[in-house]
Amino acid sequence: MLKIYNTLTKQKEEFIPLNPPLVKMYMCGPTVYDYFHIGNARSFIMSDIVRRYLEYKGYVVTFVMNLTDVDDKIIKKANQEGKSAQEVAEFYIKEFFNDIEKLKIKPATFYPRATEFMSDMIEMIKKLEEKGIAYNVDGNVFYDVSKFNGYGKLSGKNTDELEIGARVEVNEEKKHPLDFALWKKAKEGEPYWESPWGKGRPGWHIECSAMSCKLLGESFDIHAGGHDLIFPHHENEIAQSEAANEKPFAKYWLHFGFLNINEEKMSKSLGNFFTAREVLKKYSAEAVRLFFAQAHYRGPLNFSDELLQAAEKGVEKLQNLTDKIEDELRKNSDNGKQIEFDFKSWYEKFEQAMDDDFNSAQAVAVMFDFTREVNRVIAENENLNKDFYNNVKSFLKKTAEDVLGVISFQKKESLPSLEDDLIELLINIRTEAKKEKNYALSDKIRDELKNLGVILQDTKDGTSFKKVRR
Ligand code: AMP
Ligand code: ZN
């Protein structure tokens, strides 16, 4: 039984979708004014693992990730670069798709762009205005927080507490400090859309309310995002959607902990970030994913090179077994020895971990235990039956590859052979150099290959190599 910690109820709850086997999930995506950083990547990757595990459980998931393509930050960047906001957004959307593909994030079912749902946002604001919940002050439309009883239920605070702690915009036009903009009147030089309140553009929160409603319905199963979005973004989404539709909005709220650097949240505004693509120059996508999967999604996690290096080693262990299994399956061992191996209990261990609020850290520990156990069995038995290898392959494929995305069965086959032959040639030259005690040359070959994403491994049987993504 899958249990999910629900930020709304502040407890772990049994996951009961509204309309099984369908699961509708919405994840707040990026504001596209820059390359995304490895902190954003944590939220994207963990939401991907959640989605993949739901699919593992047999659910049919509609996964929506929005792209915020109209925003102050995009406009600012456009002005700095002498481009239009649309050009800036287009550029970074393309780069976003490049990066998530490199991180092996499964494409969402929909990637709605705010600018393509303008009429839905306007309709929702009109509805709120008709109900007396939104008010227009000279072309700026605000949400009147005092009209929504449940305000604060997600962040678990009452409006007085929220007011004290909030980083809410001070604006003299607002009736109440917690009121927030639904529609912003156009300023000189800004992109704008026509609306019943004049030229302007939507506030950030209404984008997600309108797009989730349009694509997933008024009520849906899971809404996710980084921890920073609980207040005010998600609190405001609930206020807007539930007041407009008079139905409960998302049933389960999932929030991903921050990736910190030196104990401080990694963020664009603090400037203490590494872009995902910078990190991918040093580490494989699998290592980045393992690094994130090894920590529970809700807690904070500190970025460090040591941990990423350790994750790279961990991936190597899992991938070595994967490659070994592929090699064994290529050999014909139909008549090999049959052995007892309790695969069922390994699936159970993996599911127990993931069923407990997506405890991927525990699931990773299961993967390593499994790897150790299988390696032991292989070392102790010569010529095992193909069934055994097929079962190991199925397990690794369904768990480590399809859910966690930390290994790849296709890796070996996809390597071009001339490239491999050239690497082998360099390995041979390095072995010669070592024999002649020319360590300067042998180290140079090893280091230069590493820079190219080829990792050499010296064992008693010689040197093998492994390609990691650059
Ligand atoms: P943004 O582009 O800043 O709107 O963020 C996109 C997604 O990344 C949102 O779901 C954020 O909550 C999440 N996010 C931003 N910074 C971090 C961080 N340091 N760690 C984890 N998630 C983050
Ligand atoms: Zn959102």
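Trainee: Which residues have the most contacts inside the largest nonpolar core?

Mentor: In this predicted model, the largest nonpolar core has 95 residues, and those with the most contacts inside it are Leu54, Val288, Phe292, Phe350, Phe358 and Phe388.

Trainee: Why is this core said to lie between domain 1 and domain 2?

Mentor: Domain 1 (3-278) and domain 2 (282-401) both give residues to it, so the core lies between them. Apart from it lies another core, of 42 residues, among them Leu128, Val145, Leu229 and Phe249.

Trainee: What makes Cys28 and Cys208 count as buried?

Mentor: Buried means under 20% relative accessible area; Cys28, at 7% relative accessibility, falls under that cut-off and therefore counts as buried, and Cys208, at 0%, counts as buried too.

Trainee: Why is Cys213 called partly exposed?

Mentor: Its relative accessibility is 21%, and because partly exposed covers what lies between under 20% and over 50%, Cys213 counts as partly exposed.

Trainee: How do you know that Cys213 is in no disulfide?

Mentor: A disulfide needs a pair of cysteine sulfur atoms within 2.5 Å, whereas the nearest cysteine sulfur to that of Cys213, belonging to Cys208, is 13 Å away; a search of the whole structure likewise finds 0 disulfides.

Trainee: What makes Cys28, Cys208 and His233 donors of the zinc ion (ligand 2)?

Mentor: Donors are N, O and S atoms within 2.8 Å of the metal, and Cys28 (SG), Cys208 (SG) and His233 (NE2) lie 2.0 to 2.2 Å from the zinc ion, so these atoms qualify. Cys28, in the loop between strand S3 (22-27) and helix H1 (38-56), and Cys208, in helix H6 (residues 204-216), are 180 residues apart.

Notes:
Residues numbered from 1 in each chain as written. Chains lettered and ligands numbered in written order. Predicted model: local features only at pLDDT ≥ 70, side-chain atom pairs only at ≥ 80, totals over all residues. Heavy atoms only, no water. Core = buried A, V, L, I, M, F, W, Y, C linked by side-chain atoms within 4.5 Å. Buried < 20%, exposed > 50% of the residue type's maximum accessible area, 1.4 Å probe, protein only. Domains from an automatic or database assignment. Donors = N, O, S within 2.8 Å, 3.2 Å for Na, K, Ca; no water. Helix = DSSP H or I, 4+ residues; strand = E, 2+ residues; numbered from the N terminus.
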